Structure formats: structure tokens, C-alpha cells
Amino acid sequence: MDNFAAGTAVPETELDAAELEVPARILPVAELHLHIEGTLQPELIFALAERNGIALPYAGLDELRERYEFTDLQSFLDLYYANMAVLQTEQDFADMTRAYLERAAAAGVRHAEIMMDPQAHLSRGIPLETCVNGVASVLATSQEEFGISTLLIAAFLRDLSEESALEVLDGLLAMNAPIAAIGLDSAEVGNPPSKFERLYAKAREAGLRLTAHAGEEGPASYIIEALDILGVERIDHGIRCMDDPDLVERLVDARTPLTVCPLSNVRLRAVDTLADHPLPAMLAAGLNVSVNSDDPAYFGGYVDDNFAQLDAVFELSDFDKARLAANSIHSSFASEERKAELLDELNGGEVAHP
Ligand code: ADE
Ligand code: ZN
């Protein structure tokens, strides 16, 4: 397309047919399930390691990328936590956040609810202020700079104790951290939501919104616990609800949002292949599902890549694509005013996704 960029007329016969295709419109979406530490791309890992004088246990990018073959959630978490060693200063957290927002804007993200794992940094000796202020400093100007409204979710590591989570929540509240919600992540099986009843009660009392990972690798009963014991408004992942028809009916009736991450589920072997993913069945059942990227640097794609690969495998209808986008907006913790703006933008154009 260089000839067009230079403004030179090209005889039609010389144009490749593919160049004549009008690119599909990227739908405006809200990304509701995104771990900011999971956006650290290999190149940035190496750049930050160099800046901070940290020796990485990989000779180069290729050797690091070779480790991105996961067998389950834990095999991913081991690498995900290890790579956080390069995040040392506020600037590091800011650079990571900026890189995500730039890429997310190109993916059609217009509102992002961003999880971070403060305990994974505290345990390395990085103060709360460093990680929170580093991320928040970039989120503060995101709407102006990238057209993406944002909010921050403090996620707690469910394989640590509830006492640890309560202490960190106290610290976040004491420093008046700009968090809007809490979440629950890390190794799911053996760490049921019921372990964090007091944490969620405290967060609710503090006026925070509530979400939790449940039913990613863990059973449908963890989703029920998250709803009944933690009182969450949203379930992150939730794909295992499909094992329990009564639960599906309950989630449909309550319009409970499920923030589904298809490429993540494939890479972490929650499903064998994308063709085996329950997303079409979830949509057909009337569940309130959205499409999200989880840890895009590790799982081979941002929101647009998730949509594109879903479309390639399932040939989603324009209606389903628009429904997924609308679900993401309705399911967000954004203000009603912001939701209305995003829905206007969604309804204003044709409905197609790359
Ligand atoms: N932390 C980062 N990504 C996660 C995932 N997919 N499940 C649980 N914890 C996580
Ligand atoms: Zn997640």
C-alpha cells in the first residue's frame, strides 16, 4: 500500500485483490479481564532487565519464547511470577502499562478494567506505592491519550493466606490507592473462594466492586461459592459452569457477567483446541459472556486476536460479535454515562470485527 501512502495513483490492474478489501470495522469493547503483569512482552522483559541490571535465566528472546509452552495454569504462573523480577521501579510499571494501552487502543478497547497482583511485588520487596503509583500514573491520562477509560482492580493471590490478603487490602486502603474493585487469581484448584469470605466482606464495606476468578480449572461449585459466599458481581472465566445446567440457568437468569478468555483457555489446556471452546454454547445458552485477553503477552493475543481467531474457527455472526461487545460494556464497572457513550459508539457503526 506504499503507493497509496505516497499519494501515487496505481492502475487498477496492478492492484492485488486483497489490497482492495475494505478492512472490517473493529468493534469498541470493554476489556474486563486483563492482568497487567501478563502484558509484559518478551522484548520489554529484556529491556527492563538490562535497565535494572537483572540477569535473566534465558540467553535471549528465542530461549524465553521457548518457555511459553504451558501444560496447565501452574506451569504458566511459574513463568509469569518469575518474569516479574524485572519490574523494579515506578517507571517500569508505567512503561508496561503504557505499552498495553497503546496496543489495546489498536485492538478496539475503549474501556479497560486492569488487574494487578500487589502481593507478587510485595513478596519481592517492591513497596505497594511503587507498583500502584507506577500503573496509576499512566491510567490517569489514558482516556485523553488513548481514548481508553480505565479502572484498577487489586487482585489477591488465592494460594496465599487470607491474612496476607487482608493485610494488603488494609495497606491499599490506608494509602488511598485508586482501586475500584478487588479480584481473586492465581492457582485455583485447592484454593476455593470460601477461603476469602472476610476479605470480600471487608472490600464490600469499603465500597469496592467485587469479582473473582472461578471455574477456570476449578469446578462449577467454586463459581457458586464465589456468588454465594463472596457476593461477587462478576465471574472471571467461569467456563466450567457448563458442567452444571442448574448453575447455567441461574447465571442466565441473573445476567451474571462471565469474562471469558478463549486463547488463554487453549494455551493453559483448559480446552484442547479453540474448536472445543464452549463460547458458542455459552452464547447459545444465553449467558452474559464477554471476550478478554487475560495475559496477552503469554497467550498469543490481545482482544482483537481473540475475536479474529474465534471468528476463524466459529464464523461468528455479526449479531454475536456485536452481542459480545455489548455484553462487555454492560458488564463493566464504568459509570452509566460512560457505558452509554460506548454503546452509542458500538451502535453507530457497522458490526464487523477483524
Ligand atoms: N494470574 C494471571 N493470569 C491468571 C489466570 N489465567 N488464572 C489465574 N490467575 C492468573
Ligand atoms: Zn485471569
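Okay, let's start with a word I'll use a lot: buried means under 20% relative accessible area, exposed means over 50%, and partly exposed is in between, using a 1.4 Å probe and the protein chains only. Val232 is a nice case to begin with, since its relative accessible area is 8% and that makes it buried.

Some housekeeping before we go on. This is a predicted model, where local features need pLDDT of at least 70 and side-chain atom pairs count only at pLDDT 80 or more, while totals for chains, interfaces and linings use all residues. Residues are numbered from 1 along each chain as its sequence is written, chains are lettered from A and ligands numbered from 1 in the order in which they are written, and side-chain values use heavy atoms, with hydrogens and water left out.

One more piece of vocabulary: when I say helix or strand, I mean a DSSP run, with helices being H or I and at least four residues, strands being E and at least two, numbered from the N terminus.

So, back to Val232. You'll find Val232 in the loop between α12 (220-230) and β6. Its C-alpha atom is 19 Å from that of Cys261, and those two residues are 29 apart along the chain.

Now, the metal. Which residues coordinate the zinc ion, ligand 2? They are His33, His35 and His213, each through NE2, plus Asp294 through OD, at 2.0 to 2.2 Å. Donors here are N, O and S atoms within 2.8 Å of the metal, or 3.2 Å for Na, K and Ca, and water is not among the atoms, so sites may look incomplete.

Along the chain, the zinc donors follow the spacing H-x1-H-x177-H-x80-D. His213 sits in strand β5 (residues 209-214) and Asp294 in the loop between β8 (288-291) and α16 (296-299), so this pair ties together parts that are 81 residues apart in sequence. Both His213 and Asp294 are buried.

Why is the arrangement around the zinc ion called irregular? Because the four donor atoms subtend angles of 84 to 175°. For the cut-offs: four donors count as tetrahedral if all angles lie between 85 and 135 degrees; four count as square planar and six as octahedral if opposite donors are over 155 degrees apart and all others between 65 and 115; anything else is irregular.

Next up, ligand 1. The residues surrounding ligand 1, meaning those with a heavy atom within 4 Å of it, include Leu73, Phe76, Leu77 and Tyr80. His35, His213 and Asp294 are among them too, and those three names also appear in the zinc site.

Let's look at polar contacts, which are pairs of N or O atoms within 3.5 Å; within protein, one must be able to donate a hydrogen and the other to accept it, and residues adjacent in sequence count only if both atoms are side-chain atoms. A nitrogen atom of ligand 1 is 2.7 Å from a side-chain N or O atom of Glu216. For Asp294, a side-chain N or O atom is again 2.7 Å from a nitrogen atom of ligand 1. And Asp295 has a polar side-chain atom 2.7 Å from a nitrogen atom of the ligand. On its own, ligand 1 has 260 Å² of accessible area, and the protein covers 100% of that; areas come from the Shrake-Rupley method with a 1.4 Å probe, and for residues only the protein chains shown count as cover.

On to the strands. Two strands pair if DSSP finds at least two bridges between them. Strand β1 (residues 29-35) pairs with β2 in the parallel sense over five bridges, and Glu31 has Ala112 as its bridge partner in β2. On to β3 (residues 149-157): six bridges join it to β2, running parallel, with Ser149 in β3 partnering His111.

Is strand β2 largely enclosed or open? Seven of the eight residues of β2 (residues 109-116) are buried, so it is largely enclosed by the rest of the structure.

Further along, β6 (residues 234-237) and β7 run parallel, joined by two bridges, and Ile235 is partnered by Leu258 in β7. In β7 (residues 257-260), Pro257 and Thr259 point one way, Leu258 and Val260 the other, and all are buried.

Last, two residues with an unusual sign. Asn176 isn't a glycine, yet has a positive phi of about 55°; it lies in the loop between α10 (162-174) and β4, and is exposed at 65% relative accessible area. Arg255 also has a positive phi of about 55° without being a glycine. Arg255 lies in the loop between α13 (245-254) and β7, and counts as partly exposed at 43% relative accessibility.
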